[in-house]
Amino acid sequence: MNTSGSDLKKIHKLLNPESVAVVGASNSKGKVGNIIFEGLSRCKARLYPVNPHEDVIAGYKTYPQIADLPDTIDVAVVTVRAEQAVEIAEQCGRNNIDNIIVVAGGFAETGERGKALEARLKAIPDRYGSRILGPNSLGVFVPENNFDTIFVEHGDRSLAEGGGIAFISQSGSVGVEALGLASNTGFPLRAFVGLGNKIDLNELDFLKFFGADDKTDCLALYIENVEQGRKFLEEAKKVSSRKAVIALKAGRTPTGATAVSSHTGKLAGSDRVVSGAFRQYGIQRAFDDEELCDAAKALSYLPPAQGNRVAVITGAGGFGVMCADYIETDSPRARLQMAELSDSTISRIQEKAPPFASCHNPVDLTAGMTNEMFINTLEALLEDAGVDIIVCITFFAPHSITDKLIDQMATAINDSKKPVMVFTEYGPFTDTYLKEFYKKGMIGFPSLTRTVKAVRFLVERGRILSALEEEA
Amino acid sequence: MSSTSIENKVKKWHSSLSIPGKPNEWESKGLLNSIGVSTPRGVFIETGNSLAPDGDVSVLGRPGHRVVKVCSGNILHKTDQGGVLLDISENHLPAAVAKLQKTFPSAGVLVEEMVQYRGSEIIIGALYDPTFGPAVMVGAGGILTELYKDVSFRLAPCTRKEAHYMLEELTIFPTLQGYRGLSADIDSLAGTIERAAELAVHLVHRGCQLDINPIVWSQERWVALDVKVVLT
């Protein structure tokens, strides 16, 4: 099915339901139907447990079957096994339920029997107009309204503050594991959607939905196969003129059934074509889950870089040197260069720097640096027209540096349109600091390579935007 | 060149092939010429014919060294099978043609001018990707192309601007731009990529592939020295 205006409304209901039925809800601790139902009790939607063997679940009146429900249902979460799930989904269709989330696996991926079940499921959207998410879907999580159908740990408490990133994942576990890890240091999540086997709703539907959603500022996708390849790309290009689209495309498929007898065919595999196509249509390609989350966080939080000239502030010479090396290492994503600082910037830094400091890029304020020196340097770099992006290598170990620096940095950075990234070496207190940065509107990473990779994403984003503007 | 005119040319070309569905190099080069891509001057000697004593080769320009190649839609890897003879002087030409005719009795023979060049060998290719459809490629060409893998892809059609981006992604890009005194017309190469992409849209159905390898900068123009079109 193709997404039309009325389908976007249905997807809106899928993520913001007023009434939810949980089929297979249960009182037995540890059962999927129990975990999901308990999770949902935190949201404001009217809840209807469906289970023929129970009368009351967690204090809610329980209905034997879908047809008995006394209300219009926006979303039915089907937590029962594959065979039963098809039956239930058909009942949902007959009862005009707009959205059905099928959690169970055991469909086409398991063989002939599963394929037959999947075919029955596939017929439902066309026949009844219901939309299906899944099967084999972990469901959705929307921090804004606490609507959360995920039954495994996914950092939901840390992610509760919400944010602008729509995270759309074909694999549920890749999605939630990545989110769980990212949530330790803060991650601005608009919504998580687990696509599963995509028999109906797929990445294109959610690209359209979140592309049009004002509260989304960045889309992060994990996909293994792309449905409707060209349409997906064309939609992504439209979206990317307004918000960043990052995709991790895993799984390399053979070029085709026919023998490959050309150099072009042998060189293509499927992967180089994907990279080229993504680049052509404004999609930023990530190559692992860490990169996907880091890039999404940076692109959601920070302005794109207007150019590729990077300035570095450090208190530790070695990290400054390494950082300069990373910056000048070639990368197909974006070539970076160390910015050449203007004379006035250098003398401004010198005025307050310790005697042995190096006031050229990378600016090394040495272990003698103080909050004041650091902020003075940061402000000078923010105002230097020859600098497009700044990396702060910050340690909170030297006695001359105090925690107040975080607030002072945040003030300087949040007033500027220039992106600033913070690296702080991983140690026992790092996550606390990174989370503190995040709360104050700054992005930090516990590794220099991750920091510079994220810098490249911001430069790539800047380039995509200017190419799209030129085209328009 | 409009898309419909390329479409018509491709259709006409399809129906003109001597072995249906299996174009030979001479025919593939003819297709490129029709969309404005240069190839070396050449003479095609059909199966069983022999090289005319003077007439034929005069179209190859002033006397000089020649390339002699077996030319048949049935032979895809002609170098591997000893079907390409390089640097043949005018005197040795009849013997070279006869030699290939003896080795490949049912194939034609192509005699071409030996194009002089010193810059990079480039490959331009096209194929049909099962997910995204027709795509175009450019990269470091020649016999080591699969070793270096210095290539860049885009989907077809592909704008000239995008073709410039593809070239800029290549490690060998500086060799088009003055590196060690090497330079070439970059915009003209981008234009060739754009046209190859247009061709890909009409030519490349599922499983089909196009290799222009190498295409070189010689005497102020890009010349496609070898072209292979695989249809299915």
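Tutor: Two residues are in contact if their C-beta atoms, placed from the backbone, lie within 7 Å. This is a predicted model, and on that criterion the contact between its chains takes 21 residues from chain A and 31 residues from chain B.

Student: Which elements give two or more residues to the side of chain A that touches chain B?

Tutor: They are α7 (229–240), α8 (263–268) and α9 (271–280) of chain A. By class, that side of chain A has twelve polar, six nonpolar and three charged residues.

Student: Why is α12(A) called roughly antiparallel to α13(A)?

Tutor: Helix α12 (residues 343–352) of chain A packs against helix α13 (residues 371–383) of chain A at an angle of about 170°, and their axes are 9 Å apart. Angles over 145 degrees count as roughly antiparallel, so the pair gets that label.

Student: What makes the contact between these two helices?

Tutor: α12(A) brings A:T345, A:R348, A:I349 and A:K352, while α13(A) brings A:E372, A:M373, A:N376, A:T377, A:A380 and A:L381. Four of these residues are nonpolar, three polar and three charged.

Student: Why are α1(B) and α6(B) called oblique to each other?

Tutor: Helix α1 (residues 3–16) of chain B and helix α6 (residues 186–203) of chain B cross at roughly 55°, their axes coming within 9 Å. Roughly parallel requires under 35 degrees and roughly perpendicular 65 to 115; the angle of roughly 55° fits neither class, and the helices are therefore oblique.

Student: What is the handedness of the crossing of α1(B) and α6(B), and which residues meet there?

Tutor: The crossing of α1(B) and α6(B) is right-handed. B:S3, B:I6, B:E7 and B:V10 in α1(B) meet B:E198, B:L199, B:H202 and B:L203 in α6(B). This contact has four nonpolar, two polar and two charged residues.

How values were computed
Residues numbered from 1 in each chain as written. Chains lettered and ligands numbered in written order. Predicted model: local features only at pLDDT ≥ 70, side-chain atom pairs only at ≥ 80, totals over all residues. Helix = DSSP H or I, 4+ residues; strand = E, 2+ residues; numbered from the N terminus. Nonpolar A, V, L, I, M, F, W, Y, C, P; charged D, E, K, R; others polar. Axes fitted to C-alpha atoms, helices over the stretch in contact; angles between N-to-C directions. Left-handed = near helix turned anticlockwise from the far one by under 90°.
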